[in-house]
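The following exercises concern one protein structure. Each task is followed by a solution in steps.

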Amino acid sequence: MFLTSPFFCCLQPMGSERTEIRKRQMATTPETPGAAQAQLSTGNRGSNACCFCWCCCCSCSCLTVRNQEEERARRTSHELQAEGIPNCEESKYAVSLTSSAQPYKNNKAELRSSQVRQQFLQKCSNSPAPTLEEVNAWAQSFDKLMLTPAGRNAFREFLRTEFSEENMLFWMACEELKQESNKSVIEEKARLIYEDYISILSPKEVSLDSRVREVINRNMLEPSQHTFDDAQLQIYTLMHRDSYPRFMNSAIYKDLLQSLSEKSIEA
């Protein structure tokens with residue numbers, strides 16, 4: 001009788017993963033109001049539960065998995081901060097601060113944003129090509145993929161085909177924020193990140209659960225380099241569990257691997 005309790009259903013997705021899956025389902029399958037209300041109720045109930053089950057057990061093995069995810073994300077972030085994010089991956093925030101203090105407020109600001117994006121893409125196209133060893137290493141772990149500029153660019157290209165590029169852009173913006181030390185710059189970048197990726201009015205809103213959103217709203221009262229740490233970790237975990245396995249089976253990765261293998265044989 002205990003095993004059939006609705007609060008003991010295992011292997012349920014995390015809150016952000018449920019939201020991501022729901023967004024895809026809404027694009028293809030219409031829902032009745034009752035079904036949408038039931039789903040909303042379920043999502044709220046699960047936001048504070050542990051990641052693999054509905055129960056809030058503190059001895060559940062999922063806590064170990066969550067700690068491992070946090071440690072991997074922190075390690076990747078620290079290594080990137082030590083190396084610095086390459087120019088080809090700089091987001092619009094570094095440029096927008098010198099060109100406009102109020103982006104997305106009018107047509108001129110939108111035009112500037114488009115120009116910055118073109119500059120960004122041009123830098124990325126000029127970035128060094130990955131080696132065969134690097135591409136093979138991407139299959140070993142998500143951390144190794146995220147630690148290389150070429151890996152992040154290839155993964156971002158894949159996310160664009162799945163209409164979830166905002167996840168990588170948000171993660172990179174958070175990394176850039178952590179490298180700032182000027183208080184006024186931190187506040188401005190934090191505001192831009194919030195408007196672009198956290199606000200429910202943004203077309204690039206990332207999938208976050210209610211707990212993380214509450215933390216962000218509190219942090220925004222006094223922004224710092226770590227305002228979005230919880231959200232960044234949740235998006236990192238989402239990309240790792242949801243998008244990374246599909247990337248490894250995608251044509252983008254397989255074609256790149258095949259091309260480099262053929263060049264290696266010819267050499």
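**Exercise 1.** Identify the residues that F247 touches, leaving aside those up to four places away in sequence, and place F247 in the nonpolar core.

Solution. In this predicted model, F247 touches W138, L145, A154, F155, F158, I252 and Y253, with residues up to four places away in sequence not counted. Next, consider the core. The largest nonpolar core has 39 residues, and F247 is listed with F155, F170 and F228 as having the most contacts inside it. Finally, assign the core to elements. Two or more residues each come from α6 (132-138), α7 (142-147), α8 (149-161), α9, α10, α11 (210-219), α12 (229-248) and α13 (251-266).

**Exercise 2.** Determine how helix α9 and helix α10 are oriented and which residues form their contact.

Solution. Helix α9 covers residues 165-178 and helix α10 residues 183-198; they pack at an angle of about 170°, and their axes are 11 Å apart. Angles over 145 degrees count as roughly antiparallel, and α9 and α10 are therefore roughly antiparallel to each other. On the α9 side the contact is made by E166, L169, F170, A173, C174, E176 and L177, and on the α10 side by I186, K189, A190, I193, Y197 and I198. Sorted by class, this contact of α9 with α10 has ten nonpolar residues, three charged residues and no polar ones.

**Exercise 3.** State the confidence of the model and locate stretches with pLDDT below 50.

Solution. The protein has an average pLDDT of 73, and 52% of the residues score at least 70. Residues 86-92 have pLDDT below 50, and this stretch makes 23 contacts in the model beyond near neighbours in sequence. Residues 116-125 also have pLDDT below 50, with 19 contacts beyond near neighbours in sequence.

Key: Residues numbered from 1 in each chain as written. Predicted model: local features only at pLDDT ≥ 70, side-chain atom pairs only at ≥ 80, totals over all residues. Heavy atoms only, no water. Axes fitted to C-alpha atoms, helices over the stretch in contact; angles between N-to-C directions. Helix = DSSP H or I, 4+ residues; strand = E, 2+ residues; numbered from the N terminus. Parallel < 35°, antiparallel > 145°, perpendicular 65-115°, else oblique. Contact = heavy atoms within 4.5 Å. Nonpolar A, V, L, I, M, F, W, Y, C, P; charged D, E, K, R; others polar. pLDDT = per-residue confidence, 0-100. Core = buried A, V, L, I, M, F, W, Y, C linked by side-chain atoms within 4.5 Å. Buried < 20%, exposed > 50% of the residue type's maximum accessible area, 1.4 Å probe, protein only.
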